[in-house]
Amino acid sequence: MTTFTRDTEVFRDEDLLREDYQPDSITAREEELETYKTALQPIVNGAQPRNVFLYGKTGVGKTLVSQYLLDRLERDTAAYDDVDLSVVWLNCTNLASSYQVAVSLVNTFREPAAHISTTGYPQQRVFDLLYEELEAIGGTVLLVLDEIDHIGTDDEILYELPRARANGYLEETKPGVIGISNDFGFRDELSPKVKDTLCEEEIHFPPYEAPELEAILDRRVDDAFYDDAVGDGVIALCAAIAAQDTGSARQALTLLYKAGELVRTGDATTVTEEHVHEAFTVIERDQIEHGMRELTRHGHLALVAALGLALQDETPVRIREIYPLYRTIASESKTDPLVRRRFHDHLADLAMLGILDRRTRNEGRAGGQYYEYEFNVDLGTVRDVVADLEGITVPRNVARQL
Ligand SMILES: Nc1ncnc2c1ncn2[C@@H]1O[C@H](COP(=O)(O)OP(=O)(O)OP(=O)(O)O)[C@@H](O)[C@H]1O
Ligand SMILES: [Mg+2]
């Protein structure tokens with residue numbers, strides 16, 4: 001008997017619903033495209049590029065629109081002999097400083113054998129190496145720094161690069177920087193001199209509204225799904241849910257994809273509104289589980305303590321009940337316990353992440369108030385996460401149930 005057979009009922013081409021799929025046209029971003037295009041126009045004219053800063057929440061098309069427009073810019077400037085454009089992309093997700101960004105840039109220009117290491121050079125030396133590489137390329141070099149907020153307040157490079165020519169470091173090369181960020185705090189905290197240079201052109205990508213998300217999904221649905229595989233109202237519902245929650249096209253696409261997957265694994269052949277609601281729940285649960293895994297050590301210790309009490313049916317609990325257990329688990333796990341107030345911050349975090357539910361209670365006639373906590377997620381999921389934790393000595397009653 002065959003184990004795998006090809007889908008013939010739901011997805012015609014599910015790749016269209018994936019994060020990395022590049023649609024060949026952009027829906028619902030006319031204004032931003034127009035502003036962006038104007039900001040890039042000097043390059044086409046052979047002039048010095050302007051620096052551009054793109055910001056907006058996650059999933060609103062910043063990366064997609066940049067890729068789309070810069071591809072076209074490269075294609076269309078190829079027609080002009082006096083424009084020699086190179087576009088360099090760098091995703092800064094794992095780069096925590098200007099220094100690390102500079103090292104990564106140097107390495108993108110070099111053969112692997114000539115890569116420099118991420119430690120050991122003075123910062124100015126790395127900048128000099130970067131200027132050497134840039135100068136060797138010549139023409140216009142656009143440096144696209146996506147997720148640039150990961151460098152935090154160490155933003156020197158965002159000042160240095162755009163000014164490299166003015167400061168005499170570059171002659172042959174005209175550098176331009178495009179910074180992209182979904183962290184509004186980062187933009188506000190840029191040092192004033194960086195703001196002046198980098199944010200020459202600022203383009204804000206607002207969250208999508210429901211009709212825009214619907215248009216984005218509509219474009220893909222016919223090729224992604226077989227005819228009649230998507231029921232009435234499904235696209236509108238995905239769009240409405242995502243618009244109300246985040247305004248993210250990524251969320252809308254993920255919902256539709258997940259709803260399709262639920263159909264594929266179940267008995268139905270058509271995606272219905274029910275599937276969309278179910279998909280929403282599944283995705284949320286997965287995110288909470290991911291959040292649990294990513295907690296800090298004290299967050300994990302708090303989680304284990306709460307699980308210990310929940311398995312004894314003692315939840316909802318107050319901090320004075322959970323704190324002693326946390327202290328014991330911490331000590332047995334060779335970690336210095338936090339003082340109660342700091343521990344409380346971790347409980348509050350668990351509540352904020354949707355792992356615990358926190359309720360305010362009144363202390364009867366005495367008039368004081370206190371919080372009560374209990375799990376907001378299925379204990380099985382918590383157990384799975386706790387079972388994978390390393391270096392934490394869990395209480396016996398918990399260990400027995402893992
Ligand atoms: N206007 C649009 N038309 C078609 N697809 C879109 C549009 N905007 C976003 N998408 C799709 O939504 C997903 C998220 O978009 P993108 O990666 O550009 O978001 P982003 O703003 O860069 O988010 P982040 O800040 O998380 O990096 C991608 O799969 C992209 O193809
Ligand atoms: Mg992006």
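In the predicted model, an oxygen atom of ligand 1 lies 2.7 Å from an N or O atom in the side chain of Lys 62, a separation that falls under the definition of a polar contact (a pair of N or O atoms within 3.5 Å; within protein, one must be able to donate a hydrogen and the other to accept it, and residues adjacent in sequence count only if both atoms are side-chain atoms). A polar side-chain atom of Asn 182 is placed 2.9 Å from an oxygen atom of ligand 1, and a polar backbone atom of Thr 27 is found 2.6 Å from a nitrogen atom of ligand 1. Of the 630 Å² of accessible area that ligand 1 has on its own, the protein covers 95% (Shrake-Rupley method, 1.4 Å probe).

The surroundings of ligand 1 comprise 21 residues, of which Thr 27, Thr 58, Gly 59, Lys 62 and Tyr 208 come nearest (a residue is near if one of its heavy atoms lies within 4 Å). This shell divides into eight nonpolar, six polar and seven charged residues, where Ala, Val, Leu, Ile, Met, Phe, Trp, Tyr, Cys and Pro count as nonpolar, Asp, Glu, Lys and Arg as charged, and the others, Gly among them, as polar. At least two shell residues are supplied by each of α2 (62-77), α8 (210-224) and α10 (249-265), helices being DSSP runs of H or I with at least four residues, numbered from the N terminus. Domain 1 (14-18 + 208-291) and domain 2 (30-204) each contribute at least three residues to the shell, with bounds that come from an automatic or database domain assignment.

The protein chain also includes domain 3 (295-400), whose C-alpha centre lies 34 Å from that of domain 1. Asn 397 belongs to helix α16 (residues 396-400) and counts as buried because its relative accessibility is 15% (buried, under 20%; exposed, over 50%; partly exposed, in between; 1.4 Å probe, protein chains only). A polar atom of the Asn 397 side chain lies 3.2 Å from the backbone oxygen of Gly 308. Arg 327, in helix α13 (residues 319-332), counts as partly exposed because its relative accessibility is 38%.

Residues are numbered from 1 along each chain as its sequence is written, and chains are lettered from A and ligands numbered from 1 in the order in which they are written. Because the model is predicted, local features need pLDDT of at least 70 and side-chain atom pairs count only at pLDDT 80 or more, whereas totals for chains, interfaces and linings use all residues, and side-chain values use heavy atoms, with hydrogens and water left out.
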